[in-house]
Amino acid sequence: MRKWLVASACLLAIGCVTTSVQQLDQAVRPARSVDSVSLLAEKPEQPYTVIAVIESNTETVFDSFDDLRGAIAAEAAKLGGEAVILGQESTDTAFIFTGITMIQSDTRKLSGEVIVYERG
């Protein structure tokens, strides 16, 4: 019984981030390191092409927006993206009634446009 409780606690601590990718072109680019992908709060002045849109979300209280940004950067790196223009962070809150108590459940969402810079 005690082992089961420890295993359950470990699984809860891991959390769950779901990421979906909508690739906008079929060009094959070499993967990049995650550290080389810039996360941008606004559109850059340098000309660029959007190659994909990524959405990441979670439903656990253990995952933060930093976790979502990391997941988006990892997916962008796989696609060969140079940067991600991040969208607005959003949180949806729902309450689940268990019969004895009410539990708050937060869903965090973040999306971004994966870009490559145009060479001219």
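Which residues is Val 114 in contact with, leaving aside its neighbours within four places in sequence? In this predicted model, the list runs through Thr 49, Val 50, Ile 51, Ala 52 and Ile 54, and continues with Ala 76, Gly 81, Ala 83 and Val 84.

A look at the overall layout helps to place these contacts. The protein has two helices and six strands, and along the sequence they follow the pattern α-β-β-β-α-β-β-β. Of the contacts with a separation of 6 or more, 81% are between residues 24 or more positions apart. Buried residues account for 30% of the 120 residues.

Val 114 also belongs to the largest nonpolar core, which holds 15 residues. Together with Ile 51, Ile 72, Ala 76 and Val 84, Val 114 touches the most other members of this core. At least two core residues come from each of β3 (48-58), α2 (65-79), β4 (83-86) and β6 (102-117). Helix α2 gives the most, with six residues. A second core, separate from this one, has five residues, among them Leu 40, Ile 85, Ile 115 and Tyr 117.

Turning to the surface, the accessible area of the protein comes to about 8,000 Å², with 55% of it belonging to carbon and sulfur atoms. A nonpolar patch is formed there by Phe 95, Phe 97 and Met 102, which together have about 390 Å² of accessible area. Met 102 is found in strand β6. The relative accessible area of Met 102 is 52%, so this residue counts as exposed, the cut-off being over 50%.

Conventions. Residues numbered from 1 in each chain as written. Predicted model: local features only at pLDDT ≥ 70, side-chain atom pairs only at ≥ 80, totals over all residues. Heavy atoms only, no water. Core = buried A, V, L, I, M, F, W, Y, C linked by side-chain atoms within 4.5 Å. Buried < 20%, exposed > 50% of the residue type's maximum accessible area, 1.4 Å probe, protein only. Helix = DSSP H or I, 4+ residues; strand = E, 2+ residues; numbered from the N terminus. Contact = heavy atoms within 4.5 Å. Patch = residues over 30% accessible without salt bridge, like charges linked within 9 Å, V, L, I, M, F, W, Y side chains within 5 Å. Areas by Shrake-Rupley, 256 points an atom, 1.4 Å probe, with all protein chains shown as cover. Salt bridge = Lys/Arg side-chain N within 4 Å of Asp/Glu carboxyl O.
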